[in-house]
Amino acid sequence: MNPGLLFELARRDFTERYAGSILGILWMFLWPLVMIAIYTLVFSRVMGAKLPGISSVYSYSIYLIAGILPWTAFANTVSRSSTVFVDKRHLLTKLQIFLPRLPLYVVLSETITFAISLAFYLLFLLFTGAGISWRALLFLPFVFAVQQIFAYALGFFFAVLNVFIRDLREFVGILIQVWFWMTPIVYMKSLVPGFAQSLLLWNPAALFIEAYQDIFFFQRLPNFRSLLVLTLLGHLLLALAYFVFKRLEKDVRDFL
């Protein structure tokens, strides 16, 4: 797939998503703004949620959004990539596309959405006076890249299996929901019991979520050892997904 087709698919993804709406693509900017406003109003102003040892009224909102934004990009990439072959089968019958590259337009689309949401989040941090560690922020592209490689690999693996097992779409949806609550996003890792903290060590999503929390909430450098582990996991999963695809490639095209 050439870059031109990749960008065209990503562009169409946005236009089709907001087709028929009055504001159209402006919703890309409104959604993150509304989300940040709601979390701030509900948790900081109405519920007065705070984190232990931190007096700032916005502390919980800052912590929560630091995890919600990357999780949304990750979850959307996995769930949407897992059905991409079935969803785009009309395109695959007309064009000769190298199938492993097709989910990349989903990755690109979610990256753009994340970048827009992140811009509003940074403005929110500046507005609340929370401060930003610009040194730690330099490592954000690396953290996001590692996260999305893992998401792409997982989505690609599910996409191959989804051609043969259509119930997998529902399974992925349930998996994402359960996975969310097993990841320290709405709660702090330090507040869960010791045995639960041990289980979190086996949660790949916790590795990159904690990296964002380090950068934005604690304003420190992320744990590079954890990111290295996630990098290795992502590439191993990608190799596994490609191996399964090559074994089933002919059947995948026949079923489509």
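A pocket is an open set of grid points with protein on both sides within 12 Å along at least five of seven lines. In this predicted model, the largest pocket has a volume of about 410 Å³. Its lining consists of 23 residues. Lys189, Ala206, Leu207, Glu210 and Ser226 lie closest to the pocket centre. By class, the lining holds 13 nonpolar, five polar and five charged residues. Helix H11 gives the largest share of this lining, with seven residues. H11 and H12 each supply at least two lining residues.

These two helices also pack against each other. H11 covers residues 204-216, and H12 covers residues 224-255. Their axes are 9 Å apart and form an angle of about 135 degrees. An angle that falls between 115 and 145 degrees counts as oblique, so H11 is oblique to H12. The crossing of the pair is left-handed. On the H11 side, the contact is made by Pro204, Leu207, Phe208 and Ala211. On the H12 side, Ser226, Leu227, Val229, Leu230 and Leu233 take part. Eight of these contact residues are nonpolar, one is polar and none is charged. Leu207 and Ser226 belong to this helix contact, and both are also among the residues closest to the pocket centre.

A second packed pair is formed by H1, residues 3-17, and H6, residues 104-128. Here the axes lie 9 Å apart, at an angle of about 60 degrees. That angle makes H1 oblique to H6. H1 passes H6 in a right-handed crossing. From H1, the contact involves Leu6, Phe7, Leu9, Ala10, Asp13, Phe14 and Arg17. They meet Leu104, Tyr105, Leu108, Ser109, Glu110, Ile112 and Thr113 of H6. The contact of H1 with H6 divides into nine nonpolar, two polar and three charged residues.

A third pair joins H8, residues 140-162, with H9, residues 168-181. Their axes are 10 Å apart, and the angle is about 150 degrees. Angles over 145 degrees count as roughly antiparallel, and H8 and H9 are therefore roughly antiparallel to each other. H8 contributes Phe150, Leu154, Phe158, Leu161 and Asn162 to the contact. H9 contributes Leu168, Arg169, Phe171, Val172, Leu175 and Trp179. Nine residues of the contact between H8 and H9 are nonpolar, one is polar and one is charged.

Definitions and conventions. Residues are numbered from 1 along each chain as its sequence is written. This is a predicted model: local features need pLDDT of at least 70, side-chain atom pairs count only at pLDDT 80 or more; totals for chains, interfaces and linings use all residues. Side-chain values use heavy atoms; hydrogens and water are left out. Axes are lines fitted to C-alpha atoms, for helices over the stretch in contact, and angles run from 0 to 180 degrees between N-to-C directions. Helices (H or I, at least four residues) and strands (E, at least two) are DSSP runs, numbered from the N terminus. Angles under 35 degrees count as roughly parallel, over 145 as roughly antiparallel, 65 to 115 as roughly perpendicular and the rest as oblique. A crossing is left-handed if the near helix is turned anticlockwise from the far one by less than a right angle, and right-handed if clockwise. Contact means heavy atoms within 4.5 Å. Ala, Val, Leu, Ile, Met, Phe, Trp, Tyr, Cys and Pro count as nonpolar, Asp, Glu, Lys and Arg as charged, and the others, Gly among them, as polar. On a 1 Å grid over the protein atoms alone, a cavity is a set of points where a 1.4 Å probe fits but cannot get out, and a pocket is an open set with protein on both sides within 12 Å along at least five of seven lines; lining residues have an atom within 4 Å of a point. Grid points are joined across faces, edges and corners, and a volume is the space filled by probe spheres set on the points.
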